[in-house]
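Take a moment to turn the model around on your screen before reading on. We will walk through it together, one part at a time.

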Amino acid sequence: VIRFRAHEIAAVVINPLQAFHPNAPPPSDLVLASNVRGVSDSTREYKTWLEKMRKLCTDLGIALIFDEVYTGFRLAPGGAQEYFGVQADMVVYGKTLGGGIANGIVCGPRHLMTRSDPVKPLRAAYVIGTFAAHPLLVGAMNSFLKWSMSAAARAEYDRLRKDVAEWVTTTNQRLENEFPKSSAPLAISAYASVWTMIFKRPGRYHWMLQYYLKDEGLNLSWVGTGRLSFSLDFSRADLDHVTEKIVRACHRMEEDGWWYVQEGSSPSKIRIQINLISEIVKALTKRVLGLNDSPASGRA
C-alpha cells in the first residue's frame with residue numbers, strides 16, 4: 001500500500017510498543033470480553049519488519065517517524081532505535097526525557113526540522129508551548145541525557161532487562177503451579193522493562209482483576225489492555241513482591257466466582273461473544289420500545 005500510494009505519503013509513524021501485537025489493531029470490547037488477542041514474545045520478527053519499513057521509506061523518500069512518547073528511553077539508553085537497531089528520520093519524545101515534567105520533543109535532521117520553507121521563506125512553522133525552554137525542564141533533560149550515556153546507566157539498563165526477563169519466566173511458572181486443577185488465569189509478557197498481562201481463560205469479568213490488584217496494593221492501568229513498565233529503581237526483590245500480589249489477586253478473583261468455570265466444561269470465546277452481543281441487542285430493543293423490567297412507577 002505504501003509503495004502504491006507513495007506520492008501521497010509524507011511520513012510513516014511507528015509506535016515501537018506495537019511490537020507486543022504486530023499488525024493488529026487495539027483490542028475492542030468484544031476482544032476484551034473473550035480475550036481473543038495475543039502478544040508477540042519475540043522482538044526479532046518486529047525488528048525484521050522495522051528494517052523492511054526503514055528500507056521502503058528510504059527507497060521512496062518517505063520520512064520514518066518513531067513515536068516514543070510512551071516508550072521513550074525505557075527500552076534502552078538510545079530508545080527504540082538502539083533496541084531494534086533501526087534508525088528513524090524523526091523521533092517524538094514526551095515526559096520520559098524530562099524526568100516526568102510535562103513536555104514534548106521532536107528530534108530530527110536539519111532538513112526536516114527547519115522552521116521555514118526553503119522554497120517559500122515566508123511560510124514558517126510557529127512552535128510554542130507552556131514548557132518551551134523552561135529552565136527546570138531543560139535542566140532535567142540535560143541531566144538525564146548526560147547520565148544515559150554513562151557506563152553506570154548502561155549497567156542499570158542491562159541489570160533491569162535481565163531481572164525482568166527472569167521475573168516473567170518465574171511468575172508465569174508460579175501461576176501455573178498455583179492453579180493445578182485448571183489453567184493459569186493469566187500470563188505475563190514483556191520486552192525490556194515494558195510488560196503486560198494476557199488472560200488465558202475466556203471470561204467476561206477480567207476487568208475486575210484491576211480492583212483486586214488495587215486492593216493488594218498494585219495500582220495498575222486497565223489490566224489486559226494497559227501497557228505497564230518498571231522503572232530502573234525496581235530491584236529483583238521488588239519484582240518478586242509484585243508476583244506475590246498478582247498471585248493473591250488471582251486467587252481472590254477465582255474464589256469470589258469471577259473466573260468460575262463449571263467442572264467438565266469451559267465457556268468458549270465464541271459463546272461469550274454471542275451472549276454479550278445478545279444482551280446488548282436485548283437492552284437496546286427494550287430501550288427503543290420503552291420497555292422496563294422494573295414495576296411501573298406511574299400512577300393515574
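Which residues point one way from S6, and which point the other way? Val194, Thr196 and Ile198 are on one side, Trp195, Met197 and Phe199 are on the other, and all are buried. As a general rule, side chains in a regular strand alternate between the two faces of the sheet. Strand S6 is mostly covered, with six of its six residues buried. Keep in mind as you look that this is a predicted model.

Now look at the partners of this strand. Strand S5, residues 186-191, pairs with S6 in the antiparallel sense over six bridges. Within this pairing, Ala187 stands opposite Ile198. The two strands form a hairpin with two residues between them, and Ala192 in the turn has a positive phi of about 60°. S6 also pairs with strand S7, residues 228-229, again in the antiparallel sense, over two bridges. Here Val194 of S6 stands opposite Ser229.

Let's step back to the whole chain. Its secondary structure comes to nine helices and seven strands. The chain has 300 residues, and buried ones make up 36% of them. Among contacts with a separation of 6 or more, 68% are between residues 24 or more positions apart.

Where do the nonpolar residues gather inside? The largest nonpolar core has 29 residues, and those with the most contacts inside it are Val12, Ile14, Leu50, Leu64, Phe66, Leu75 and Phe84. Several elements give two or more residues to this core, including strand S1 (11-14), helix H2 (43-60) and strand S2 (63-68). H2 supplies the largest share, five residues. Leu75 is a good one to click on: leaving aside its neighbours within four places in sequence, Leu75 is in contact with Ala80, Tyr83, Phe84, Tyr157, Arg161, Tyr191, Ala192 and Val194. You have already met Ala192 in the hairpin turn and Val194 in S6. Apart from this core lies another, of 27 residues, among them Leu186, Trp195, Leu228 and Ile246.

Finally, let's visit the outside. The chain exposes about 18100 Å², and carbon and sulfur atoms supply 58% of that area. On the surface, Tyr205, Trp207, Tyr211 and Trp258 make a nonpolar patch of about 400 Å². Trp207 sits in the loop between strand S6 (194-199) and helix H7 (209-216). Why can Trp207 be called partly exposed? Its relative accessible area is 36%, and partly exposed covers the range between under 20% for buried and over 50% for exposed.

Methods
Residues are numbered from 1 along each chain as its sequence is written. This is a predicted model: local features need pLDDT of at least 70, side-chain atom pairs count only at pLDDT 80 or more; totals for chains, interfaces and linings use all residues. Side-chain values use heavy atoms; hydrogens and water are left out. Patches are made of residues with over 30% relative accessible area and no salt bridge: like charges are joined within 9 Å, nonpolar side chains (Val, Leu, Ile, Met, Phe, Trp, Tyr) within 5 Å. Accessible areas come from the Shrake-Rupley method with a 1.4 Å probe; for residues, only the protein chains shown count as cover. A salt bridge is a side-chain nitrogen of Lys or Arg within 4 Å of a carboxyl oxygen of Asp or Glu. Helices (H or I, at least four residues) and strands (E, at least two) are DSSP runs, numbered from the N terminus. Buried means under 20% relative accessible area, exposed over 50%, partly exposed in between (1.4 Å probe, protein chains only). A nonpolar core is a set of buried Ala, Val, Leu, Ile, Met, Phe, Trp, Tyr and Cys residues joined through side-chain atoms within 4.5 Å. Contact means heavy atoms within 4.5 Å. Two strands pair if DSSP finds at least two bridges between them.
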